[in-house]
Amino acid sequence: MNEKIKKNSFLTNQIQVSLKINAKNRSLTLDSRTSLLDALREHLELNGTKKGCDHGQCGACTVIMNGKRQLSCLTLAATCEGANVLTIEGLAKKDKMHPMQGAFVKHDGFQCGYCTPGQICSAVALLQEAKDGDASYVTADVRNISKELKLSEEEIRERLSGNICRCGAYNNIVQAFKEVHSADDEMPTWKFATKMQMKSAKRK
Amino acid sequence: MRPFTYTGTTNRNEALKAFTTTSHYLSGGTNLVDLMKEHVEQPDQLIHVKNLQYNGISKNKDGSYTIGAMRSNADTANHKDIRLYYPLLSMAMLSAATAQIRNMATNGGNLLQRTRCPYFFETSMPCNKREPESGCGALNGVNDQHAIFGYSDNCIATHPSDMCVALAAIGATVEVQKVDGGSRKIDLEDFHRLPGDKPEKDSNLEPGELITHIHLAKPELSNHYAYVKIRERSSYAFALVSVAAGFQIEDEKISKIGLAMGGVAHKPWKLIEAEEFLLGKKPIESNFGKAAELAMKDAKPFEGNRYKVPMGKNAIVRALMQANNIGE
């Protein structure tokens, strides 16, 4: 198909792009409108990256581009010339899962699984951001600069807020992240309400 | 999405030369690509400018800083000097969108992001901003997210940026490259427009002008700062109301101050009267309350957004209190 387009060159808006995906060089001839997400899914048979909203509102399409997490649905493939893209398919080493993938399985960091590739790519990139000492909106004072941050639960939730999980597996996602980030695999900090608390919370 | 030709370049003159009136410059694309998918924007050509060499952050002789238009929001907010000397800007930028989007979005693009008014996005609805003279759906429609200051009958949309609110508080100048090769500087206050009878124009940029730099005022508000952003969920949402507050204290009195609001007008809304009131006053809650009253006294809300008046007052007081107490 791609060879035919190249030969006939019938698309006035066709573009060519060469990039590295999961350590493999790939060259594509595409309609200029093609998003990186569609290039991955429809042209390279890399279906791990998911299309949720296709409008930058859910994070399911998150990939790691040149070391940074980005949304592949709002990235035009044309802009990716020379880029180095890492998708969920590129995280495992042969049969060995990435520690973040293992932690998601162990802690049940999903239910339906549709947001999971995006969640995991996002979480893997966040590990590096924490090492680099990046700040977030909930950082107490951005003027305090240090590396190798140990992120609190509030920090983790804020920094992963770009990945929506409509099954609501957030508690387990945070636990999975904590285990890899700070070797903290204790039970979550939240507890079920006691009977007394339930009673007093009822409207009178 | 309507077909378009794509022009990628690393050369400024090539980018300017390629420009036609039906072209758009493309930087991070987090807003433009979405609007193209929605058929709100339908350019014939995209000129990719993100790889132009306007991505530095540098200190000027007078101690002020210049940030490149093509630098990502994430890199800017996390730059050591921006965190130290412009913490208000850093905090505001970090409150916006998500890590993924901040990695893509650029400073120049942030200045030019378009309103999130639902009538602007929904092409079956009237919207003077999207389609001049088609009417304003929000004026008598669902207007809970809309402006309370500076609007006109033609448009009651708000400007969505957090970065720009902090820039308005700090003071900044936007440098642009003109098509004929010259450059000019626009004060941030004159960069964005009120809707008036031309709501389709968000800014005073001329066609083809390319943003290259943002020059920040001298870092004189870094001791006390806070960006308070009120939204419908605690993260990943646009502001209902936001407040950028930065000030310095000398002899127990406020000696310098910058105050601006987001989510309330068609442009970042600078609180000049409140700033003037607080200069020389003690940083105490009663003074902050009076300043907030002054800031909101001319608010003219709609049926759906009356809540923004008390919310705005409270947010101003909270931002000033938070700024006063920071680091303690």
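Which residue just after α2(A) takes a positive phi? That residue is A:E45, and its phi is about 55°. The close-ups below all come from a predicted model.

**View 1. Chain A as a whole, before zooming in.** Count up the secondary structure of chain A and you get seven helices and five strands. Walking along the sequence, the pattern runs α-β-β-α-β-β-β-α-α-α-α-α. The C-alpha trace of chain A covers about 75 × 40 × 35 Å along its principal axes. Chain A has 204 residues, and 44% of them count as buried. Take the contacts in chain A with a separation of 6 or more: 55% of them join residues 24 or more positions apart.

**View 2. Helix α2 of chain A and what lies over it.** This helix takes in residues 36-43. Five residues to pick out here are A:L36, A:L37, A:D38, A:A39 and A:L40, which are buried. Note that an aspartate, A:D38, is on that list. What covers the buried residues of α2(A)? The cover includes β2 of chain A, residues 24-31. Just past the helix sits A:E45, with the positive phi of about 55° from the opening question.

**View 3. The β3-β4 hairpin of chain A.** Strand β3(A), residues 62-65, pairs with β4(A) in the antiparallel sense, and four bridges hold the count. To get your bearings, find A:I64, which stands opposite A:R69 in β4(A). Two residues lie between the strands of this hairpin. Look there too for the backbone of A:N66: in this hairpin A:N66 takes a positive phi near 50°.

**View 4. Where chain A meets chain B.** Here 33 residues of chain A are in contact with 32 residues of chain B. Two elements of chain A, β4 (68-71) and α5 (153-159), each supply at least two residues of the side that touches chain B. Which of the elements gives the most to this side of chain A? The answer is β4(A), with four residues. Sorted by class, the side of chain A that touches chain B has nine nonpolar, 14 polar and 10 charged residues.

**View 5. Helices α3 and α6 of chain A, side by side.** The pair consists of α3(A), residues 99-106, and α6(A), residues 170-182. Their axes come within 8 Å and cross at roughly 140°, so α3(A) and α6(A) are oblique to each other. The crossing of the two is right-handed. On the α3(A) side, the contact is made by A:P99, A:M100, A:A103 and A:F104; on the α6(A) side, by A:A176, A:E179 and A:V180. By class that contact has six nonpolar residues, no polar ones and one charged.

**View 6. Helices α12 and α13 of chain B.** Here α12(B) covers residues 285-296 and α13(B) covers residues 308-325. The axes come within 9 Å and cross at roughly 140°, which makes α12(B) oblique to α13(B). As α12(B) passes α13(B), the crossing is right-handed. Residues of α12(B) that meet α13(B) include B:F288, B:A292 and B:M296, and among those they meet are B:V309, B:I316 and B:L320. By class, this contact has 10 nonpolar, two polar and three charged residues.

**View 7. An open sheet in chain B.** Five strands of chain B line up in the order β4-β5-β8-β6-β7, with antiparallel pairing. Which strands are at the edges? They are β4 (57-59) and β7 (183-187) of chain B, each pairing on one side only. On average, neighbouring strands in this sheet are turned by 25° against each other, direction ignored. For a closer look at one edge, β4(B) and β5(B) (residues 65-68) pair over three bridges. Within that pairing, B:I57 has B:I67 as its bridge partner in β5(B).

**View 8. Two loop residues of chain B with positive phi.** Most residues other than glycine have a negative phi. B:E133, with phi near 70°, takes a positive value. Find B:E133 in the loop between α8 (118-121) and α9 (163-170) of chain B. Buried or exposed, which is B:E133? B:E133 counts as exposed, because there are 9 C-beta neighbours inside 10 Å. B:D251, also not a glycine, has a positive phi of about 50°. B:D251 is in the loop between β10 (241-250) and β11 (253-262) of chain B. With 7 other C-beta atoms within 10 Å, B:D251 is exposed.

Technical notes
Residues numbered from 1 in each chain as written. Chains lettered and ligands numbered in written order. Predicted model: local features only at pLDDT ≥ 70, side-chain atom pairs only at ≥ 80, totals over all residues. Contact = placed C-beta atoms within 7 Å. Nonpolar A, V, L, I, M, F, W, Y, C, P; charged D, E, K, R; others polar. Buried ≥ 20, exposed ≤ 12 C-beta atoms within 10 Å, placed from the backbone. Pairing = 2+ DSSP bridges. Axes fitted to C-alpha atoms, helices over the stretch in contact; angles between N-to-C directions. Parallel < 35°, antiparallel > 145°, perpendicular 65-115°, else oblique. Left-handed = near helix turned anticlockwise from the far one by under 90°.
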